[in-house]
Amino acid sequence: MPVDMEKIVSLCKRRGFVFPSSEIYGGLGSCWDYGPMGVELKRNIRDMWWKAMVQERSDVVGIESSIMMHPRVWQASGHVGGFADPLVECKSCHLRWRVEDLDKEGTMSEDGNSRRCPSCGGELTPPRMFNLMFKTFMGALEEEASVVYLRPETAQGMFVNFDNIITTSRKKLPLGIAQIGRSFRNEITPGNFIFRTREFEQMEMEFFVKPGTDEQWFDYWTKERFSWYLKLGIKEKNLRLHPHSKDELAHYAKSCDDIEYLFPIGWSELEGIANRGNYDLIQHNAASRRNLSYYDAESGERYIPYVIEPSAGVDRTLLAVLIDAYHEEVVENRERVVLRLNPSLSPVKVAVLPLSKNEKLTPMAREVYEGLCADFMTCYDDAQSIGRRYRRQDEIGTPLCVTIDFASLEDHQVTIRDRDSLAQIRLPIDRLKEALEAKLKGEAFESSSLWAAGRR
Ligand code: GAP
């Protein structure tokens, strides 16, 4: 069973991953701020996604579109009319509930009225549709300003730029357009920490293909995306595919597979891979009166491409990665919490720890630290006992600690400690960078001649 959510929330607060938003004012429901460790972990997740989805592929390009888009985008996409959840409200405590959530819990029958409020037991209103888009006004005077929406998905930025990309990138189909950015949804029941929030970040890619090849590409992307989570280091037993039944499909989707993770709240969506058919381009083609068809020079055909969309959440991935890496264990009769993160994800790669604060050790340790921080995300820590400092680094998932002790002053060697095996080796300072690089690439202490040379 995965760790319980309270432990993750507490670790995140204690170690600077995630704080409640506006905490000094009592917090703002379902909004969270990422602290120094959280931003690094988030950045590493984004970088690994971008590397796999854009950098290493010649058939995908990136964009960054604006969060506020022309309101007609959302009319054409169907979000103004269709991006809504049925909700019921309690007549006594006025809490609102998603019918889908009540259905899942088995507390609600189809007419929406025969069950009571899960919070106070009050009577519930019949279900009504609630649009999830945030509205705001653009312009100086509110009465003259036009309504704009905060985007509920980044995907529409790719559809409205399809023509720009085709004409400027000189690339042929199949072609993907990728983007990472914030999305906003006025969720009825946000919660479970950063799992469902009203402001979150998506990593989406729209892959435009020739009609008829869509199903094959759908299978391809489902496999690719599943294996990306394995590359992040998430255990396979905690991942599964959930193909959508017809009544689960979004208004635009022909088919959809979710990649689910075994969160403490149960199996839940981490990413959706959808076959959006040609729904979006057809809608924008008609509404904008711009020709969004594609001329296939090879076959001499003109068509509106189909789209396969892998759509992931940065925040949900971060939560899954933390839960999966969290371990409690007893080492030499002492408990330790350790995040066994893939080193590529670890917020700090190397911690430089002088054995104590001392007029000779400190300058040497600072020099080692300054020599490393251009190449690795490095931290310097000389507060409290060495044992406590190791524990702090274990809790944030730092793969390697470098200790400078009094012998270092004589022999110019330092000790490297491995987070997972707790093995230690001693190496000359001038080989430190090379050794850290090898270890961070995944080389085992035992397998490398470099390590063997230094082993005590
Ligand atoms: N463009 C398709 C789309 O947006 P989605 O399944 O609604 O599909 C994709 O969202 C991903 O975005 C989800 O799998 C999840 O990781 C993330 N996501 C969606 N709503 C979220 C929310 N309220 N809070 C955090 N992440 C969310």
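In the predicted model, Gln 384 lies in the loop that connects strand E20 (378–380) to helix H12 (386–396). With a relative accessibility of 45%, Gln 384 is classed as partly exposed, because that value falls between the 20% limit for buried residues and the 50% limit for exposed ones. When neighbours within four places in sequence are left aside, the contacts of Gln 384 are with Arg 389 and Arg 392. The side chain of Arg 392 also forms a polar contact of 2.7 Å with the side chain of Gln 384. Asp 219 stands 165 residues from Gln 384 along the chain, and the C-alpha atoms of the two residues are 53 Å apart.

Strand E20, which precedes this loop, belongs to an open sheet of five strands with mixed pairing, ordered E20-E19-E21-E22-E23. E20 and strand E23 (424–428) are the edge strands, each of them pairing on one side only. From one strand to the next, the twist averages 25°. At the E23 end of this order, strand E22 (residues 413–418) runs antiparallel to E23, and five bridges join the two. Ile 416 has Ile 425 in E23 as its bridge partner.

Two helices are associated with these strands. Helix H11 (residues 361–372) lies across strand E19 (350–354), E20 and strand E21 (400–404), and its direction is at about 165° to E20. Helix H12, which follows the loop containing Gln 384, packs on the sheet and touches E19, E20, E21, E22 and E23. The direction of H12 makes an angle of about 170° with that of E19.

At the level of the whole chain, the assignment gives domain 1 (5–68 + 152–321) and domain 2 (348–455). The C-alpha centres of domain 1 and domain 2 are separated by 37 Å. Eight residues from domain 1 and six residues from domain 2 take part in the contact. About 580 Å² is buried between domain 1 and domain 2, and carbon and sulfur atoms account for 57% of this area. On the domain 1 side, the residues that lose the most area to domain 2 are Arg 15, Met 37 and Glu 40, which together contribute 62% of what that side buries.

How values were computed:
Residues numbered from 1 in each chain as written. Predicted model: local features only at pLDDT ≥ 70, side-chain atom pairs only at ≥ 80, totals over all residues. Heavy atoms only, no water. Helix = DSSP H or I, 4+ residues; strand = E, 2+ residues; numbered from the N terminus. Buried < 20%, exposed > 50% of the residue type's maximum accessible area, 1.4 Å probe, protein only. Contact = heavy atoms within 4.5 Å. Polar contact = N/O pair within 3.5 Å; in protein donor to acceptor, adjacent residues only side chain to side chain. Pairing = 2+ DSSP bridges. Axes fitted to C-alpha atoms, helices over the stretch in contact; angles between N-to-C directions. Domains from an automatic or database assignment. Buried area = accessible area lost by both parts, 1.4 Å probe.
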